[in-house]
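This report describes one protein chain from its coordinates. The sequence and structure come first.

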Amino acid sequence: MNNINTSKRDGASKTKRMGTVKRLAGYLLKRKWLMLCALVMMLVANLLALIGPKISGSAIDAIAEGATDFDKVFFYCALMAGFYILSAAFSYVLSVLMIKLSQSIVKSMRREVMDRLLTLPVSYFDNHPAGDIISRISYDIDTVNTSLSGDVLAILASFITVVGSFVMMVSISPVMLLVFLITIPASLLFTAYKTKKIQPYFRKRSGKLGELNGYAEEMLSGHSSIKAGSREEHVIDSFAKRNENAVTAYYDADYHGCIVGPSVNFINNLSLALISILGGFLFLGGGITLGNLSSFVLYSRRFAGPINEMASVLTELQSAMAAAERVFRLLDEAPETPDKPNAHVFDSVNGDISFKNVDFGYNEKGLTLKDITMHAAKGKTVAIVGPTGAGKTTIINLLMRFYDINSGAIELDGVETRDAARDSLRSGFSMVLQDTWLFDGTVRENIAYGNGEVTSEQVEQAAKAAHIHDYIMSLEKGYDTVLSDEGGGISKGQQQLITIARAMLSDASVLILDEATSNVDSRTEELIQRAMLSLMKDKTCIIIAHRLSTVKNADTVLVLKDGAILQQGTHETLVSTPGFYHDLYYAQFE
Ligand code: ADP
């Protein structure tokens, strides 16, 4: 049974591998003219180089023929130089072509990945760490590319060289080929040994390096918590352990790997010695000329080279296949389900929101939200409160249609959001989240972002309304100050004010707010409060509330626990009845 399973799995992975090869070949075939040129160049360059040793042999024979005919010797030398120069020229053009070919493939692969990323549902990003996606765009695509341009050509060139050298050797002296009966099996045995015995050490080495990198990355991102918790010594110890593991793995791999160079040299030299002995006898017996013997030696070198290299090229190809599979897996991810054919397009959004008996689960494991029913009339404010993990963020995810619900209905202005075009639906909302998102650009660009064409005056007005104008003006370059992508250099509170200013520019009639829990100084806190209030004016607001004033001012407070609505009402009514909100209120706000 086990065997059947294993062979089934092997079969499946073989089919998958073939699929990957076919897809990769597709990229090459799309550029068939460039590829064809490259192949011709490679063929010509290698064939020209193959003629060299034969001519060198003729030159030697011309010397050895007793009365040396120098004209003949010079002719052969010039001819040889000519062939080598031509071969080098073709190789040069080939390299340029390959750079062009591979860069064009990289460019289109990256674009395909980016295009696909933009169509993927939010769930994909919730389940895949950014680092992993980035490594597919950069590292994996690069690996595929290096292999496509380097290894594929290397294999073809090796093939031409091996076959060509073999043919030349047969034409010179079939008897001397007997030497390879000893050296080729030795090479093959050695290659098999190398792949079987040494590869695992290299795989372990990459794994240990990955662990070390992962740990270093974790520690770097958490450095302030480490300092705050005085955990430095613990970190140094764990790092030292991983460092030691990595070093051991490197030592093992290199120790077993260093046997390769000397062994390859030994096999090569052995074949040289055997050829020399056999050739010597043949020469004495008049079976071969000195020149042909010399040519044979040169061809034997060329013949053995690619066979020795095959093991490492095959390993590289394997890692390229693995990388290609990772890239293709991303390209094959199902995109967000398309809008319905006659999807409703909102011309303008009034801002009346209702949830009707909504059930939702992120996966088959269970429901995250159960039977949610609520209503936010136009211009009203709903504050959602509840413990961590209650499902507050999930409600926002559903409202924006980042995920589709299992059952029930979510309506905006009486239209089921499932029947609406996503873009027009989402343009009806503006969001201010806890995790402020600023990008590498000027303050002005950051505020204007996502709001279409806006004038500098409008940006400044928004900044004034968000109470961040004075701060921006105090910066040396004002609105032209460049913010780094992490918003570095300005405080959390100021980052929030900038995102509030961004939302101010939006004319969306529904505002989604995830109130920040991060501590800011009381002056900034007050500014944020005031900015939020003016942002909320005349809009329907759905707020994940953390501030007392927010719940107090809300038209409805929604109390969520374990994905269900526990209580619903105004702050006054809820706080005066004994129950979950009453307890939460006294624990959290008072
Ligand atoms: P809150 O915002 O109230 O803290 P969330 O809405 O973020 O809670 O999460 C509610 C529940 O759903 C939690 O148990 C959380 O683990 C789970 N959850 C959140 N996002 C995902 C996701 N992308 N995939 C699976 N489960 C998720």
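The text below goes from the whole chain to one sheet and then to one residue in a helix.

**Overall dimensions**

The model is predicted. Its chain has 590 residues, of which 42% count as buried. The radius of gyration is 36 Å, whereas a compact globule of 590 residues would have a value near 25 Å. Taken along the principal axes, the box filled by the C-alpha atoms is roughly 120 × 55 × 50 Å.

The secondary structure amounts to 20 helices and 12 strands. Among contacts in the chain with a separation of 6 or more, 77% are between residues 24 or more positions apart.

**Surface and charge**

About 31700 Å² of the chain is exposed, and carbon and sulfur atoms supply 60% of this area. There are 56 positive and 62 negative side chains. The centres of these two sets lie 7 Å apart.

**The four-stranded sheet**

An open sheet is formed by 4 strands in the order β2-β1-β4-β5, with antiparallel pairing. Its edge strands are β2 (369–376) and β5 (415–416), each of which pairs on one side only. The pairings are listed here, each with one residue pair.

| Strand pair | Bridges | Residues standing opposite |
|---|---|---|
| β1 and β2 | 5 bridges, antiparallel | Phe 360 and Leu 369 in β2 |
| β1 and β4 | 5 bridges, antiparallel | Ile 353 and Leu 412 in β4 |
| β4 and β5 | 2 bridges, antiparallel | Leu 412 and Val 415 in β5 |

Strand β1 covers residues 353–360, and strand β4 covers residues 407–412. Leu 412 is the bridge partner of Ile 353 and also stands opposite Val 415 in β5. Strands β4 and β5 form a hairpin with 2 residues between them. One residue in this turn, Asp 413, has a positive phi of about 50°.

**Ser 102 in helix α3**

Helix α3 spans residues 70–119, and Ser 102 lies within it. Is Ser 102 buried or exposed? Its relative accessibility is 8%. The cut-off for buried is under 20% relative accessible area, so Ser 102 counts as buried. Which residues is Ser 102 in contact with, leaving aside its neighbours within four places in sequence? Ser 102 is then in contact with Asn 145 and Ser 149.

Methods:
Residues are numbered from 1 along each chain as its sequence is written. This is a predicted model: local features need pLDDT of at least 70, side-chain atom pairs count only at pLDDT 80 or more; totals for chains, interfaces and linings use all residues. Side-chain values use heavy atoms; hydrogens and water are left out. The radius of gyration is taken over C-alpha atoms; the globule rule is 2.2 Å times the number of residues to the power 0.38. Buried means under 20% relative accessible area, exposed over 50%, partly exposed in between (1.4 Å probe, protein chains only). Contact means heavy atoms within 4.5 Å. Accessible areas come from the Shrake-Rupley method with a 1.4 Å probe; for residues, only the protein chains shown count as cover. Lys and Arg count as positive and Asp and Glu as negative; His and the chain ends are not counted. The place of a charge is taken as NZ of Lys, CZ of Arg, CG of Asp or CD of Glu. Two strands pair if DSSP finds at least two bridges between them.
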